[in-house]
Amino acid sequence: MNHPKEFAEGLSIGIIMDGNGRWAKQRGLPRTAGHKKGAAVFQDIANYCEELGVSSVTFYAFSTENWKRPLEEVSAIMKLFGEYLLKGFNYKDRNIRIKFLGDRAALDAKLQKLMNELEEDSAAKTGMTLNIAVNYGGPEIVRAARQLAQQVAEGTLKPEDITEEMMSDHMYTAGQKDPDFILRPSGEKRLSNFMLWQAAYAELVEMDVLWPDFTRDDLDAAITEFNKRSRRFGGI
Ligand code: IPE
Ligand code: IPE
Ligand code: MG
């Protein structure tokens, strides 16, 4: 589809990839089949965001709460994640910067190494920022509070000097623009601990499509919906 340049250029988008399990269930398949299809959609939509000139896109891949799932499902998700990081992105030839949001210390050591490499190798790229949130959730804000508390304890920071900007700088997204809109497919209307701090003024767009069925046209529809919103940021 042809869009005017201003359609999506410079936007920052958050995407909660939800509905993989329901998609599989509808087809009488194991939940892992839904995650597999969902991973392929993730790759295509990430590419499409880049084509549209989006400045940053954050995909919610695994929450701090998702460890509650059966071990078999968690292992399948982690395996898929590793495969996509290894083969999915031809990142060396591309102008995208990759960042991982979340506590990676809980992940497999090989996976962590790969994540660190991807981040380091792509750090100087100037194109779209691709954030992937893994083992990510509300603890991001606790972590920021602890880091600032540590500085207070060391005597290098006064509590009254703590600002909103400092909090932002201690999020995994430090230095990035907050999301303009957060998209949640699958019909759920909640954030489930996704970008709680950064979402303060994000527009929320929910869609009735399950993530494995999500298409480029659906992203177009979400952006069109966002472009119709009137954002006031507390003003008039
Ligand atoms: C999203 O799909 C993927 C992850 C949370 C890892 P779900 O697995 O939550 O799918 P539903 O919500 O059960 O359909
Ligand atoms: C949110 O989806 C997490 C991800 C998409 C990674 P969930 O399916 O885990 O959220 P809830 O449990 O329905 O709130
Ligand atoms: Mg879900």
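Begin by selecting E117 and K113, which are four residues apart in helix α4 (residues 109-122) and therefore separated by about one helical turn; helices (H or I, at least four residues) and strands (E, at least two) are DSSP runs, numbered from the N terminus. What you have open is a predicted model, in which local features need pLDDT of at least 70 and side-chain atom pairs count only at pLDDT 80 or more, while totals for chains, interfaces and linings use all residues. Residues are numbered from 1 along each chain as its sequence is written, chains are lettered from A and ligands numbered from 1 in the order in which they are written, and side-chain values use heavy atoms, with hydrogens and water left out.

**Salt bridges**

Stay with this pair and show the side chains: E117 forms a salt bridge with K113, and the closest N and O atoms are 3.3 Å apart. The term salt bridge stands here for a side-chain nitrogen of Lys or Arg within 4 Å of a carboxyl oxygen of Asp or Glu. K113 is exposed, with a relative accessible area of 54%, whereas E117, at 33% relative accessibility, counts as partly exposed. For these words, buried means under 20% relative accessible area, exposed means over 50%, and partly exposed lies in between (1.4 Å probe, protein chains only). The structure holds 20 salt bridges, and the next stop shows two that involve E203.

Select E203 together with R229, whose side chains meet in a salt bridge of 3.0 Å, N to O. This pair links distant parts of the chain, with R229 in the segment after α7 and E203 in strand β6, 26 residues apart. R229 counts as partly exposed at 28% relative accessibility, while E203 counts as buried at 16%.

Now add R231 to the selection, because its side chain also has to be set beside that of E203: R231 and E203 meet in a salt bridge of 4.0 Å, N to O, and R231 is partly exposed, with a relative accessible area of 25%. R231 likewise lies in the segment after α7, and 28 residues separate it from E203 in strand β6. To see the wider arrangement, select K177, D180, E203, E225, R229 and R231, which salt bridges that share partners join into one network.

**Aromatic rings**

Which residues should be selected to see an edge-to-face pair? A search of the whole structure finds 11 aromatic pairs, and one of them is formed by F59 and W211, whose ring centres are 6.4 Å apart and whose planes stand at 65°, so the pair is edge-to-face. Rings of Phe, Tyr and Trp (its six-membered ring) pair if their centres lie within 6.5 Å, with planes under 30 degrees apart counting as stacked, over 60 as edge-to-face and the rest as tilted. In the sequence these two residues are 152 residues apart, F59 being in strand β2 (residues 56-63) and W211 in the loop between β6 (203-206) and α7 (216-228). F59 is buried, with a relative accessible area of 0%, and W211 is buried, also with a value of 0%.

Move next to Y60 and F194, whose ring centres are 4.7 Å apart with the planes at 20°, so this pair is stacked. Y60 lies in strand β2 and F194 in the loop between β5 (181-184) and β6, so the pair ties together parts that are 134 residues apart in sequence. Y60 is buried at a relative accessible area of 6%, and F194 is buried at 0%.

Before leaving the rings, select F42, F59, W211 and F214, which ring pairs link into a cluster. Then go to R143, which lies over the face of Y172 at 4.0 Å from the ring centre; a charge sits over a ring if NZ of Lys or CZ of Arg is within 6 Å of the ring centre and within 35 degrees of the ring normal.

**Ligand 1**

Which residues surround ligand 1? Select M17, D18, G19, N20, G21, R22, R31, H35, A61, N66, R69 and I77 to display its surroundings, where a residue is near a molecule if one of its heavy atoms lies within 4 Å of it. A backbone N or O atom of N20 lies 3.1 Å from an oxygen atom of ligand 1. An oxygen atom of the ligand is 2.7 Å from an N or O atom in the side chain of R22, and an oxygen atom of the ligand is 2.9 Å from an N or O atom in the side chain of R31. Taken alone, ligand 1 exposes 380 Å², and the protein buries 86% of that; accessible areas come from the Shrake-Rupley method with a 1.4 Å probe, and for residues only the protein chains shown count as cover.

For the last stop, keep R69, one of the residues around the ligand, and add E73, which has its place in helix α3 (residues 71-88). The side chain of E73 makes a polar contact with the side chain of R69, at 2.8 Å. A polar contact is a pair of N or O atoms within 3.5 Å; within protein, one must be able to donate a hydrogen and the other to accept it, and residues adjacent in sequence count only if both atoms are side-chain atoms. E73 is buried, with a relative accessible area of 7%.
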